[in-house]
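Q: Could you take a close look at one arginine in this model, and then set it against the rest of the protein?

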Amino acid sequence: MSVIKRVRDMTVATLNDRLEKTEDPVRLIDQFLWSTHQEIIQSEQLHRQYSAHTDSLYRQWKEAEQWRDRREQQAMTALKAGEESAAKLALQDKMAHEEKAARYQGLYEQSRSELNELEQLLQELRDEYRAVYDRRQFYVARMESLRLQQRLNARFGPSADSNPSTMFRRLDDRLTDMELETKSLRDLRRMGQESAYQAGSVIHEAIEKELQQLKRKLQQGG
């Protein structure tokens, strides 16, 4: 289980590192989603196998305990009847089942612990898949914005600014800063919230400005 966990950590780290460098983050995310989906399927299969095995160990543990208790009762019955030899045989079998129960209990507890760890990992994989999938549309929109900006720069760049190299350099720097912010999904989420708040503030200021202009026109007309 710990080996699987280390592989997942390495995969996530690789994704974050590549997102900073790739020119097509959507394609990279699709590859990551496909890989994660396959791992979820394999983990679910392993979970079913582990669950069945754990249930089997539990049944064998409890069955051995039942035989242990039954042999103890038989030994007591034999002693009451004065059959000491039969009581000893029953006690001998009781001890064997007691040892068997202890062994199966140990296997069950180990398997149950590993099953819990697998369930936790499986939930982490599902949460990770949903989180990355939810961010995919943001990357799609962002890539479209970059594509349109590149077309704008190619068609109108030289005549739009007396020093196009300076403009493109500022644009490249700004886009680079934006790409670096994709290092973690949490940073992107916070960035999106902050951008929405700023956009709301700009709209609010524009409305206030228009309102003041209308008031001045009304006063002048009166």
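**A close look at R71**

A: In this predicted model, R71 has a relative accessible area of 18% and is therefore buried, since that value falls under the 20% cut-off. R71 sits in helix 2, which covers residues 25-80. Leaving aside residues up to four places away in sequence, the residues that R71 touches are A90, D93, K94 and H97.

A second arginine, R103, offers a point of reference. R103 is placed in helix 3, which spans residues 84-160, and with a relative accessible area of 47% R103 counts as partly exposed, because this value lies between the 20% and 50% limits. R103 also has a counterpart far along the chain: Q60 is 43 residues away in sequence, yet the C-alpha atoms of R103 and Q60 are 9.9 Å apart in space.

Turning to the protein as a whole, the secondary structure consists of five helices and zero strands, so that the order of elements from the N terminus reads α-α-α-α-α. Of the 222 residues in the protein, 22% are buried, and R71 is one of the buried residues. When contacts between residues at least 6 apart in sequence are considered, 74% of them join residues at least 24 apart. The accessible surface of the protein amounts to about 16,000 Å², and carbon and sulfur atoms account for 52% of that surface.

Key. Residues are numbered from 1 along each chain as its sequence is written. This is a predicted model: local features need pLDDT of at least 70, side-chain atom pairs count only at pLDDT 80 or more; totals for chains, interfaces and linings use all residues. Side-chain values use heavy atoms; hydrogens and water are left out. Helices (H or I, at least four residues) and strands (E, at least two) are DSSP runs, numbered from the N terminus. Buried means under 20% relative accessible area, exposed over 50%, partly exposed in between (1.4 Å probe, protein chains only). Contact means heavy atoms within 4.5 Å. Accessible areas come from the Shrake-Rupley method with a 1.4 Å probe; for residues, only the protein chains shown count as cover.
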